[in-house]
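Work through the following exercises with the sequence and the structure side by side, and try each task before you read its solution.

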Amino acid sequence: MNLLVYETPEELAEAAARDFASRAEETIYERGRFAVALAGGSTPKATYEVLARNYANELDWSKVQVFFGDERTVPPDHEDSNYRMARETLLSHIRVGSVHRMRCELPPEEAAAAYERELREFFGPDDVPRFDLILGGLGEDGHTLSLFPETAALDVTDRWVVANPVLKLGTTRLTLTIPVLNASRAVTFLVAGEGKADALKEILEGDADLRAYPAKLVHPESGDLIWMVDRAAAGSLKPPL
Ligand code: 6PG
């Protein structure tokens with residue numbers, strides 16, 4: 001596990017974009033394509049904007065295959081849609097090889113089954129999909145993607161994407177499951193703001209129940225685990241940082 005602390009959210013975004021681009025360039029050189037699952041929420045927006053602004057000509061984006069780590073059960077043009085956020089900040093500015101959106105305009109179970117089929121078509125029908133990079137954020141309650149504390153998705157081991165009812169939000173979300181995260185060649189968490197400090201401390205230094213802080217369940221078996229955080233989010237971690 002690699003913990004990288006940046007003074008400001010802007011420095012975090014610059015570093016995350018640089019890391020994304022260098023991983024993509026290396027992976028495309030080695031294996032001809034870069035399969036990445038984008039994170040939703042607000043933190044990754046700045047990273048996607050830096051990628052669109054500074055890296056449009058720095059790598060062969062036509063070899064980048066874009067997936068999503070999770071999605072809200074709303075249409076793709078809804079203000080809460082993670083796809084819409086990624087389209088506005090990145091995907092409408094550069095031409096990627098393919099975009100695999102979670103079709104959450106469908107009923108959740110149907111959308112999850114459709115995405116499962118899409119993953120199995122792309123990565124192969126049997127083995128767990130092995131992404132080159134999965135980006136994740138962190139909620140103040142320790143959730144990541146839409147793997148919320150004490151929700152059913154945390155126990156799924158035979159599917160790669162599920163519709164996950166989140167009672168405290170009064171909604172259902174689609175999310176990649178833990179086996180997919182732990183099969184990834186790399187998982188990078190992007191975390192900013194003092195509101196995340198307690199959850200981050202619990203995840204990196206605490207011994208709370210794994211189901212209470214689902215991001216603690218993420219340990220790629222043979223991949224990199226990187227926490228890219230700003231100084232505010234790192235505020236409760238043990239020094240020296
Ligand atoms: C989502 C994300 C979710 C997000 C965290 C942090 O769909 O919202 O997948 O896991 O990463 O809630 O969100 P912020 O980056 O907005 O703080």
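**Exercise 1: The open sheet**

In this predicted model, seven strands form an open sheet with parallel pairing, and their order is S1-S10-S9-S6-S2-S3-S5. Task: find which strands are the edge strands, and describe how S3 is joined to S5.

Solution. Begin with the edges: strand S1 (2-6) and strand S5 (98-99) are the edge strands, since each of them pairs on one side only. Next, turn to strand S3, residues 64-68, which runs parallel to S5 and is joined to S5 by two bridges. Within this pair, Val66 is the residue that stands opposite Val99 in S5. Finally, look at what covers these strands: helix H4, made of residues 108-123, lies across strand S2 (34-38) and S3, and runs at about 155° to S3.

**Exercise 2: The hairpin**

Task: determine how S7 and S8 run relative to one another, parallel or antiparallel, and how many bridges join them.

Solution. Locate strand S7 at residues 161-166 and strand S8 at residues 171-176. The two strands run antiparallel and are joined by six bridges, and Val161 stands opposite Leu176 in S8. Then examine the hairpin itself, where four residues lie between the strands and Gly170 takes a positive phi near 65°. As a last step, consider how covered S7 is: five of its six residues are buried, so that the strand is mostly covered.

**Exercise 3: The cavity**

Task: state which elements each supply at least two residues of the lining of the largest cavity, and sort that lining by class.

Solution. A search of the whole structure finds one cavity of 30 Å³ or more, and the space in the largest cavity is about 30 Å³. The residues that line it are Ala16, Asp19, Phe20, Thr47, Leu135, Thr188, Leu190 and Met228. Helix H1 (9-31) and strand S9 (186-191) each supply at least two lining residues, and the largest share, three residues, comes from H1. Sorted by class, the lining has five nonpolar residues, two polar residues and one charged residue.

**Exercise 4: One leucine**

Task: decide whether Leu200 is buried or exposed, and list its contacts beyond its neighbours within four places in sequence.

Solution. Leu200 has its place in helix H6, residues 197-205. Its relative accessibility is 0%, and therefore Leu200 counts as buried, the cut-off being under 20%. With neighbours within four places left aside, Leu200 is in contact with Leu138, Glu205, Trp227, Val229, Ala233, Ala234 and Leu237.

Conventions
Residues numbered from 1 in each chain as written. Predicted model: local features only at pLDDT ≥ 70, side-chain atom pairs only at ≥ 80, totals over all residues. Heavy atoms only, no water. Pairing = 2+ DSSP bridges. Contact = heavy atoms within 4.5 Å. Axes fitted to C-alpha atoms, helices over the stretch in contact; angles between N-to-C directions. 1 Å grid on protein atoms, 1.4 Å probe; cavity = no way out; pocket = protein on both sides within 12 Å on 5 of 7 lines; lining within 4 Å. Points joined across faces, edges and corners; volume = space filled by probe spheres on them. Nonpolar A, V, L, I, M, F, W, Y, C, P; charged D, E, K, R; others polar. Buried < 20%, exposed > 50% of the residue type's maximum accessible area, 1.4 Å probe, protein only.
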